[in-house]
Amino acid sequence: MKGEAAAALWEFDRELGVPLCGLDEAGRGPLAGPVFAACVILKPGAEIPGLNDSKKLTEKRREAIFEEILGGGLAWFGIGSASPEEIDRINILQATFLAMNRAFDQMLAGEGVPEEFLPQLALVDGNRDPGLPIETRTVVKGDGRSAAIAAASVLAKVSRDRWMLELDALYPQYQLAKHKGYPTRLHYELITKHGISPIHRRSFLKNLAKHQKPETEETAAQRAGKAGEDYTAGWLTRQGYEILDRNWHCPWGEVDLIARKGETAAFVEVKARRPGAMVSPLEAVDRRKQQRLIKTAQAWLAQNGGDLQPRMDVAAVTVTEEEGRQLISGFDYYEGAFEKE
């Protein structure tokens, strides 16, 4: 039966008889973090064993399918998100539509969809039309009916889960790795204890917001990181660079600084560290981190880059805290610290 159900996913798309893309979202219900969406065009002949609605897959299987889609040349795809601030400003439904439109735009701005496969129809999970610039068909429970929507559901879910793990490292007091921002009993208890943070959706926490501080106190690591970024931005400006973006994020990750000088766009990872740190800044930017930074740079260039030539840089800033002040006691800058693929 499982094989028949999987085959039905692909048959559903084929029977429509036109080039199409599938869209789905992840993270409408959580109290914290962005809402994510993905848009997928499956290439003819693509085979993804076990593909299904992401909610019906184990985490291990979702991760495996995610890597198959990304690394196997099986699809053209885009991944978009909308931030907690955007969710609070325009509501979760409109933010979901925004994420879907960003995913659609990123897919078309990616590696180049051949003209014969440009979608004439978008299949969207659910019963609400997100306002895409092409004909759209909503499909209730579409992630269990359409292969393209199922693939989108996996990309959106895994991308969001990985992003929440990144946030867990920045806000460990909320234990985001355990609940991914969803409204669990543990999450409510931790919000009550630590307050509402900048990554929380305040519109989802109106009752708590009346009794909580608007933001939790910054940790020492967060203060050092901000001081390191501020110093690096100033140093780049003195070297003749124009700061184009700070803390720019997309579903692949976040880049601390993006600076332009001539036709070069420097994507700068800032590593703030205390004196005597054992791990060098270049060692701290391991291969996995490099790949995420490269993909983030590619996403920024697709939206903003024009003819800019990318360069991946690392700044190492030694920060000492004295009486609440952040003092810079060392600085090294590595141009072209690793190569853009």
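These legends go with a set of close-up views of one predicted model.

**View 1. The whole chain, 11 helices and 10 strands in one go.**
Here's the full predicted protein chain before we zoom in. Its radius of gyration is 21 Å, close to the 20 Å that the globule rule gives for 341 residues, so the chain is as compact as a globular protein of that length. Along the principal axes, the C-alpha atoms fill a box of roughly 65 × 50 × 35 Å. Buried residues come to 47% of the 341. If you take contacts between residues at least 6 apart in sequence, 63% of them join residues at least 24 apart.

**View 2. The largest nonpolar core, with Ile69 picked out.**
This core holds 63 residues, and Trp10, Leu42, Ile48, Leu51, Ile69, Leu155 and Phe267 have the most contacts inside it. Helix α5 (residues 147-170) supplies the largest share, 13 residues. What does Ile69 touch once its neighbours within four places in sequence are set aside? The list runs to Ile48, Leu74, Ala75, Phe77, Ala151 and Leu155. There's also a second, separate core of 20 residues, with Trp76, Ile87, Ala103 and Phe104 among its members.

**View 3. An open sheet of 5 strands, ordered β3-β2-β1-β4-β5.**
The pairing in this sheet is mixed. Why do β3 (75-82) and β5 (135-139) each have one side without a neighbour in the sheet? Both stand at the edges with a single partner strand each, so one side of each is left without a neighbour there. On average, neighbouring strands are turned by 20° against each other, direction ignored.

**View 4. β2 against β3, with helix α4 packed on the sheet.**
Strand β2 (residues 35-42) pairs with β3 in the antiparallel sense, over 8 bridges. For a handle on the register, look for Ala38, whose bridge partner in β3 is Ile79. Helix α4 (residues 92-109) packs on this sheet and touches β1 (20-26), β2, β3 and β4 (121-125). The direction of α4 makes about 145° with that of β3.

**View 5. Helix α9 (residues 220-238) and its cover.**
At 1.5 Å a residue, the 19 residues of α9 should span 27 Å, and the end C-alpha atoms are indeed 27 Å apart, which agrees. Which residues of α9 are buried? They are Gln222, Ala224, Ala227, Gly228, Glu229, Thr232, Ala233 and Leu236. As a reminder, an α-helix has 3.6 residues a turn, so residues three or four places apart point the same way. The cover over the buried residues of α9 includes α5, β6 (242-250), β7 (253-261), β8 (264-273), β9 (309-322) and β10. After the helix comes Gly240, with a positive phi near 95°.

**View 6. β9 with its partners β8 and β10.**
β8 and β9 run parallel as a pair, over 10 bridges. β9 and β10 also pair over 10 bridges, but in the antiparallel sense. Val314 makes a good landmark: in β9, this residue is the bridge partner of Glu269, and Val314 also stands opposite Tyr334 in β10.

**View 7. Gly330 in strand β10 (residues 325-338).**
Leaving aside neighbours within four places in sequence, Gly330 is in contact with Ala316, Val317 and Thr318. How far apart are Gly330 and Lys60 in space? The C-alpha to C-alpha distance is 42 Å, with the two positions 270 residues apart in sequence terms.

Definitions and conventions. Residues are numbered from 1 along each chain as its sequence is written. This is a predicted model: local features need pLDDT of at least 70, side-chain atom pairs count only at pLDDT 80 or more; totals for chains, interfaces and linings use all residues. Side-chain values use heavy atoms; hydrogens and water are left out. A nonpolar core is a set of buried Ala, Val, Leu, Ile, Met, Phe, Trp, Tyr and Cys residues joined through side-chain atoms within 4.5 Å. Buried means under 20% relative accessible area, exposed over 50%, partly exposed in between (1.4 Å probe, protein chains only). Helices (H or I, at least four residues) and strands (E, at least two) are DSSP runs, numbered from the N terminus. Contact means heavy atoms within 4.5 Å. Two strands pair if DSSP finds at least two bridges between them. Axes are lines fitted to C-alpha atoms, for helices over the stretch in contact, and angles run from 0 to 180 degrees between N-to-C directions. The expected span of a helix is 1.5 Å times one less than its number of residues. The radius of gyration is taken over C-alpha atoms; the globule rule is 2.2 Å times the number of residues to the power 0.38.
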